[in-house]
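Hi,

Here is the structure I promised to pass on. Please have a look at it first, and then read my notes underneath.

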Amino acid sequence: QVQLVESGGGLVQAGGSLRLSCAASGRTFSSYPMAWFRQAPGKERERVAAINLSGISTYYADSVKGRFTISRDNARNTVYLQMNSLKPEDTAVYYCAAREGGRMTYTYWGQGTQVTVSS
């Protein structure tokens, strides 16, 4: 089992940057594929980025491709989401999530961190 705690959210102007962090408990962090999701009011939850165990393979939603970068530091039990060129439509609660290797469902979730982008 793993517990996840996000940080780094806040208010930023359009065009600005934020870096989200997700700290994981436990000694087996490196065995969990990780992802960042977001959910805006009235909208469905969206997976914006994902990363494999080693950090070599990544996925990005089309809406963030070229602007967001996901990375992980297995020695620090942390996954990051660097967000550049932020737009008002990026406003949402951002969650990090972990899934068991070999499974498609994300089982473990953080509490979320609010990102607000003003125009």
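**What turned up**

Searching the whole structure, which is a predicted model, gives 1 disulfide. It is formed by C22 and C96, whose sulfur atoms are 1.9 Å apart. The pair ties together distant parts of the chain: C22 belongs to strand β3 (residues 18–24) and C96 to strand β9 (residues 92–98), 74 residues apart. The torsion about the S-S bond of C22 and C96 is about 45 degrees, so this disulfide is right-handed. Both C22 and C96 are buried.

Another residue to click on is E100, in the loop between β9 and β10 (108–109). Its relative accessible area is 25%, and because buried means under 20% and exposed over 50%, E100 counts as partly exposed. Beyond its neighbours within four places in sequence, E100 is in contact with Y32, P33 and Y108. Of these partners, P33 is 67 residues from E100 in sequence, yet the two C-alpha atoms are 7.0 Å apart in space.

Now for the overall picture. The protein has 11 strands and 0 helices. A compact globule of 119 residues would have a radius of gyration near 14 Å, and the protein agrees with that at 13 Å. Its C-alpha trace spans about 40 × 25 × 25 Å along the principal axes. Of the 119 residues, 43% count as buried. Among contacts between residues at least 6 apart in sequence, 54% join residues at least 24 apart.

On the outside, the accessible surface is about 6400 Å², with 46% of it belonging to carbon and sulfur atoms. As for charges, there are 13 positive and 8 negative, and their mean positions are 5 Å apart.

Best wishes

Notes
Residues numbered from 1 in each chain as written. Predicted model: local features only at pLDDT ≥ 70, side-chain atom pairs only at ≥ 80, totals over all residues. Heavy atoms only, no water. Disulfide = S-S within 2.5 Å. Helix = DSSP H or I, 4+ residues; strand = E, 2+ residues; numbered from the N terminus. Buried < 20%, exposed > 50% of the residue type's maximum accessible area, 1.4 Å probe, protein only. Contact = heavy atoms within 4.5 Å. Rg over C-alpha atoms; globule rule 2.2 N^0.38 Å. Areas by Shrake-Rupley, 256 points an atom, 1.4 Å probe, with all protein chains shown as cover. Lys, Arg positive; Asp, Glu negative; His and termini not counted. Charge placed at Lys NZ, Arg CZ, Asp CG, Glu CD.
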